[in-house]
Amino acid sequence: MITKEVLESISPEARDKAKAFLKMRFRYTNHDHPFVAQLVRFAYTELLERIAQGIDTGHSAEQPIPSETLGAPSIGKGCSMDTLLTQRINLVSLPQLVVQLQEAMHSPKASASDIAKIISNDVKLTASLLRLVNSPLYGLVTKIETVSRAVALIGLRPLASLAMGATLISGLNKQLQGLALEEFWLHSIACASIAKRLAEQTGRAEPERYFVDGLLHDIGRLFILGAFPDESESVQNFAIGKGISMHAAETTVFGFSHVDVGASILAKWNLSPATTAAVRFHHSPEEAPEQGIDDHHIIHLADAMAKALGYHARGDHFVPRVSMLSWNKLALPLPQLEETIADLHLEIETVAQIMLHSSF
């Protein structure tokens, strides 16, 4: 928590600007929700601490006032989801390593050593995974130097999940070279890190699964951007000018959104139903069928937390309305939320450095 001395070192003018900045960020969320009220307090404290440290938060820039009368841009008839999936973009096929991992994880004959060998065959991926395992993401005291040791300490499925997530980021970045993806992945990694922490704190099995869910929750946006770059720019500008989420802007302009595209792609890739549901329903958890999985509820809350703490992609910085259903499903006492955000910036920035700047 910010100390009285630090607070007093920040000018009243800077504090007022910080409050106005956060008022805009939380413009459309439900302030009467206890989770949101806690997020507002966390966000304000975090913002003041970063201001005191001299970190540029963007809070001092003039914030655009959303226009209620701004009309949606017109786009060509070729910007359909069917066109995107079948004609105007070659769907990125799963990297062979991910295919091998999926097959091994679903095979009753595969052993831990078999999966460790698949990962170890990729030297660059192995180096990146070991850096992740030894990062604040896990907080291990003893340094892990081999994949087999990582499997023994962290578990087979968790390490395989991390390997798949890292490989997918690398493959997508290579397919979409030239696009500004840093902000996008920073938000995704923030969402992933928060989701993993929430899963751990609430006793969910395989918390790394939620990490992968978070990495991939907005993946459809990359495919829309790759297929329709000019139209996507117009949609981003519309979202900013109108003051609405990218999800709402995409639906208004295209008639579909990144959740529809992302879920379709993950289904094509044969990823787990839980991850596919997390992608499809993270903006609308009440619409998900009750199937005994709750990934979409955790990703819904993690997405809101990431945006509340300033991790968002261009044009999508508003904290969404928070689902009471998701909050009740999480069943996390409010005081424990402080544990969720403790050292969060360090973890996110460290993991992002490893996953985005390693040449695997």
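**Helix contacts, cysteines and two loop residues**

E206 has a relative accessible area of 31%, which lies between the 20% limit for buried and the 50% limit for exposed, so E206 counts as partly exposed. The model described here is predicted. E206 sits in the loop between α10 (182–201) and α11. The backbone of E206 has a positive phi of about 50 degrees, although E206 is not a glycine. Most residues other than glycine have a negative phi.

A331 is another non-glycine residue with a positive phi, in this case about 55 degrees. The loop that holds A331 runs between α18 (324–330) and α19 (337–341). With a relative accessibility of 59%, A331 counts as exposed, because the cut-off for that class is over 50%.

The loop with E206 leads to α11, and this helix packs against another one. Helix α11 covers residues 207–216 and helix α17 covers residues 295–308; their axes come within 10 Å and cross at roughly 60 degrees. The two helices are therefore oblique to each other. Their crossing is right-handed. On the α11 side the contact is made by R209, Y210, D213 and G214, and on the α17 side by D295, I298 and I299. Sorted by class, the residues of this contact are three nonpolar, one polar and three charged.

Helix α17 also contains D303. Although it is an aspartate, D303 is buried, at 1% relative accessibility. Leaving aside residues up to four places away in sequence, D303 touches H187, C191, H217, H282, H283 and P320. One of these neighbours, C191, is itself buried, with a relative accessible area of 0%.

Another cysteine, C79, also counts as buried, at 6% relative accessibility. The structure holds zero disulfides; such a bond would need a pair of cysteine sulfur atoms within 2.5 Å.

A second helix pair is formed by α12 (residues 219–227) and α15 (residues 258–268), whose axes come within 7 Å and cross at roughly 100 degrees. The helices α12 and α15 are therefore roughly perpendicular to each other, since angles of 65 to 115 degrees fall in that class. Helix α12 contributes I219, G220, R221, F223 and I224 to the contact, and these meet H258, V261, G262 and I265 of α15. The contact of α12 with α15 divides into five nonpolar residues, three polar and one charged.

Notes: Residues numbered from 1 in each chain as written. Predicted model: local features only at pLDDT ≥ 70, side-chain atom pairs only at ≥ 80, totals over all residues. Heavy atoms only, no water. Axes fitted to C-alpha atoms, helices over the stretch in contact; angles between N-to-C directions. Helix = DSSP H or I, 4+ residues; strand = E, 2+ residues; numbered from the N terminus. Parallel < 35°, antiparallel > 145°, perpendicular 65-115°, else oblique. Left-handed = near helix turned anticlockwise from the far one by under 90°. Contact = heavy atoms within 4.5 Å. Nonpolar A, V, L, I, M, F, W, Y, C, P; charged D, E, K, R; others polar. Buried < 20%, exposed > 50% of the residue type's maximum accessible area, 1.4 Å probe, protein only.
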